[in-house]
Amino acid sequence: VSTQSTGGRSKHDYQDLCVVTSLLAWLRAHQQDLDQEDVAVSIQLQSTGTQLQRHLINLLHDLNLPGKCTSVDTDLEIQTLKIQIITNVTSYCVSAMGNSNVIHALFSPELGVKKGNSLNLLISLLQKALEGSSHHSDTYSQLIHKAMHVNQLSTEEQRELAGSIMVDIDKCSAIQRAKYAELRLEQLADTKDKELSLYTQLIESLVYLLWRHVHHYTVYCKEPCLDHVTGEPTPKRLLSSNKDLTKQLTKELPLHLTDPFLKKIVDFCSSKTTGSGSMTASFTSALVRRIRKLITA
């Protein structure tokens, strides 16, 4: 998994990253089955797990969630691929945490850290995802409205849209031009609908990751517990360090996870634009309530 600068990537590079991250996310989610069925694959995954995990999380830093819509076809495709790659990586992280109460933490509790794999990264991605989904929802509605009222568009706008499908647009009649423009608008709307579905899955995964980590740091790092790897009690030195980090995290969380921000997540979950993801909207809303309870505890 390469983490070279995004400026040096072509569309084919993004397509390859999308396939690879999708496969890795699937393998990580089904690792327990692989342990029983294909020992060789399982051992290979475990031996490269830490390095692979580091490269994947680096992609969350490296790839920016897309901003405003562009009319260039290649950019539209890359935009969708970026969202898919980031969604694949967060799905991988969800599986990599494990299902036990004491999780395998992937993100550190420092909120003031702009770089590195900290909770600040999850919160930043969640903010961008909510902003992106809102913009894409508005764009989707506009595209659908234009497609339904294509005859009300100016001749110039119809020509621009139809030109993406028909090369020699000057030979088309007004009726044909409007038909091609409508078809192009429907294609753009389908792309936005797919991206909205990806944003839904991404936001659900980010909320789940955030809740698991906040719960882990504010509940299980306060008192002595058995290390989930060695089975031994947490050393006093680490316990003291954990308490300091937990105290700082508890102090800073309300500043980053404000009520308006958490409400925006709940509103997104209840909106009509959210598709069916790996978790239900009601479950994600329940996680937000749990996060709010941990913050105010």
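## Helix packing in an all-helical chain

The axes of helix α7 (residues 155–162) and helix α8 come within 8 Å of each other and cross at roughly 65°, and the crossing of these two helices is left-handed. On the α7 side the contact is made by Thr155, Gln158, Arg159, Leu161 and Ala162, while α8 contributes Ala174, Arg177, Ala178, Tyr180, Ala181, Arg184, Leu185 and Leu188. Sorted by class, the residues of this contact of α7 with α8 comprise eight that are nonpolar, two that are polar and three that are charged.

This packing belongs to a predicted model, and it is useful to set it within the chain as a whole. The chain has 11 helices and zero strands, so that, as the helices and strands are assigned here, every element in the order from the N terminus on is an α. Of the 297 residues of the chain, 42% count as buried. Among the contacts in the chain with a separation of 6 or more, 72% are accounted for by residues 24 or more positions apart.

Helix α8, which spans residues 174–220, also holds both Tyr208 and Trp211, and these two residues stand three residues apart, about one turn of the helix. What kind of aromatic pair do Tyr208 and Trp211 form? A pair of aromatic rings is described by the distance of the centres and the angle of the planes. For Tyr208 and Trp211 the distance is 6.1 Å centre to centre and the angle between the planes is 50°, and the pair is tilted. The angle counts as tilted because it is neither under 30 degrees, which would be stacked, nor over 60, which would be edge-to-face. The structure holds one aromatic pair, and both of its residues, Tyr208 and Trp211, are buried.

Thr90, in helix α5 (residues 73–96), offers another view of a buried position. Is Thr90 buried or exposed? With a relative accessible area of 1%, Thr90 is buried, because the cut-off for that class is under 20%. Once residues up to four places away in sequence are set aside, Thr90 touches Leu60, Leu202, Ser205, Leu206 and Leu209.

The loop between α5 and α6 (119–148) contains Asn117, which is partly exposed, with a relative accessible area of 25%. Not counting residues up to four places away in sequence, Asn117 touches Ile57, His61, Leu106, Phe107 and Ser108. The C-alpha atoms of Asn117 and Ile57 are separated by 7.4 Å, although these residues are 60 residues apart along the chain.

From that loop the chain continues into helix α6 (119–148), whose axis comes within 11 Å of that of α10, the two crossing at roughly 50°. That angle makes α6 oblique to α10, and the crossing of α6 and α10 is left-handed. The contact joins Ile123, Leu126, Gln127, Leu130 and Ser133 of α6 to Phe261, Lys264, Ile265 and Phe268 of α10. By class, six residues of the contact of α6 with α10 are nonpolar, two are polar and one is charged.

Helix α10 (residues 259–270) packs in addition with helix α11 (residues 281–296), at an angle of about 165° and with the axes 8 Å apart. Why is α10 described as roughly antiparallel to α11? The angle makes α10 roughly antiparallel to α11, because angles over 145 degrees fall into that class. The crossing of α10 and α11 is left-handed, and the contact is made by Asp259, Leu262, Lys263, Ile265, Val266 and Cys269 of α10 together with Ala281, Thr284, Ser285, Val288, Arg292 and Ile295 of α11. Seven of the residues in the contact of α10 with α11 are nonpolar, two are polar and three are charged.

Val266 shows one place within this arrangement in closer detail. Val266 is found in helix α10 and is partly exposed, with a relative accessible area of 26%. Leaving aside its neighbours within four places in sequence, Val266 is in contact with Ser285 and Val288. The C-alpha atoms of Val266 and Ser282, which are 16 residues apart along the chain, are separated by 8.8 Å.

Methods:
Residues numbered from 1 in each chain as written. Predicted model: local features only at pLDDT ≥ 70, side-chain atom pairs only at ≥ 80, totals over all residues. Heavy atoms only, no water. Axes fitted to C-alpha atoms, helices over the stretch in contact; angles between N-to-C directions. Helix = DSSP H or I, 4+ residues; strand = E, 2+ residues; numbered from the N terminus. Parallel < 35°, antiparallel > 145°, perpendicular 65-115°, else oblique. Left-handed = near helix turned anticlockwise from the far one by under 90°. Contact = heavy atoms within 4.5 Å. Nonpolar A, V, L, I, M, F, W, Y, C, P; charged D, E, K, R; others polar. Phe/Tyr/Trp six-rings, centres within 6.5 Å; stacked < 30°, edge-to-face > 60°. Buried < 20%, exposed > 50% of the residue type's maximum accessible area, 1.4 Å probe, protein only.
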